[in-house]
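Good morning, and thank you for coming. Please take a moment with the sequence and the structure before I begin.

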Amino acid sequence: MDPKEEEILRNFVRKRVLLGTFFMDVGFSYHDFSGIVDAIFVEALEPEVEPRILPSKWWRILLDEIKTKQRKITPIEVKKELNYEAIGQAIVYRHLFPKVWNLPIASPAIVCKEAKRALKQVCQENGILVFEA
């Protein structure tokens with residue numbers, strides 16, 4: 001994730017819209033495709049220290065705990081502005097991420113600074129959450 005997107009994510013987390021643990025830059029590969037999700041959100045993993053942002057290495061360290069607690073995850077794409085690319089990435093995450101990590105997904109989400117109404121409507125109709133940070 002580039003520094004500007006990371007700043008958008010950190011500002012969003014500080015607003016406490018979602019309380020949980022965020023893991024940054026989580027990679028995955030499925031057959032001939034590889035990708036990196038900007039952030040993975042897990043609700044109520046360790047409530048006493050949430051919200052918080054952890055680097056991707058903690059994703060693998062805490063994966064068994066996430067599975068044991070049967071937490072649904074939310075893959076998050078972070079962009080300055082909601083766009084086609086972010087919507088496409090959210091759709092890919094919804095379909096491939098559970099196959100790679102064997103975890104249920106609550107809904108993919110996009111965190112952005114700006115969002116045009118028409119694209120927000122497309123997201124809503126396709127089960128993609130949009131948060132303007």
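A residue is called buried when its relative accessible area is under 20%, exposed when it is over 50%, and partly exposed in between, with a 1.4 Å probe and protein chains only. By that definition Ser-107, with a relative accessible area of 18%, is buried.

Let me state the conventions. This is a predicted model, in which local features need pLDDT of at least 70 and side-chain atom pairs count only at pLDDT 80 or more, while totals for chains, interfaces and linings use all residues. Residues are numbered from 1 along each chain as its sequence is written, and side-chain values use heavy atoms, with hydrogens and water left out.

Where does Ser-107 lie? Ser-107 sits in the loop between helix H3 (84–101) and strand S5 (109–114); helices (H or I, at least four residues) and strands (E, at least two) are DSSP runs, numbered from the N terminus. A polar atom of the Ser-107 side chain is 3.2 Å from the backbone oxygen of Gly-127. That is a polar contact, a pair of N or O atoms within 3.5 Å; within protein, one must be able to donate a hydrogen and the other to accept it, and residues adjacent in sequence count only if both atoms are side-chain atoms. Contact in general means heavy atoms within 4.5 Å. Setting aside residues up to four places away in sequence, Ser-107 touches Ile-73, Thr-74, Pro-75, Gly-127 and Leu-129.

One of those partners, Ile-73, belongs to strand S4. Ile-73 is buried, its relative accessible area being 0%. Beyond its neighbours within four places in sequence, its contacts include Trp-59, Phe-97, Leu-103 and Ser-107. By contrast, 22 Å separates the C-alpha atoms of Ile-73 and Val-122, which are 49 residues apart along the chain.

I turn to H3. The expected span of a helix is 1.5 Å times one less than its number of residues. For the 18 residues of H3 this gives 26 Å, and the end C-alpha atoms are 25 Å apart, which agrees. H3 nevertheless has a kink of about 35 degrees centred on Tyr-93, where the bend at a residue is the angle between axes fitted to the seven residues ending there and the seven starting there. Tyr-93 is also among the buried residues of H3, as are Ala-90 and Phe-97. The elements against which these buried residues pack include strand S4 (73–81) and helix H4 (117–125). At the N-terminal end, Asn-83 caps H3, with a side-chain oxygen 3.1 Å from the backbone nitrogen of Glu-85. After H3 comes Asn-102, with a positive phi near 55 degrees.

Which residues of helix H1 are buried? They are Glu-5, Ile-8, Leu-9, Phe-12 and Val-13. Viewed down the axis of H1, these fall within an arc of 135 degrees, so they line one face of the helix; the arc is that of the directions from the helix axis to the C-beta atoms. An α-helix has 3.6 residues a turn, so residues three or four places apart point the same way. On the other side of H1, Pro-3, Lys-4, Glu-7 and Arg-14 are exposed.

Finally, the strands. Two strands pair if DSSP finds at least two bridges between them. S1 and S2 run antiparallel, joined by 10 bridges, and Gly-27 has Ile-36 in S2 as its bridge partner. S2 and S4 also run antiparallel, with four bridges; here Ala-39 is partnered by Ile-76 in S4.
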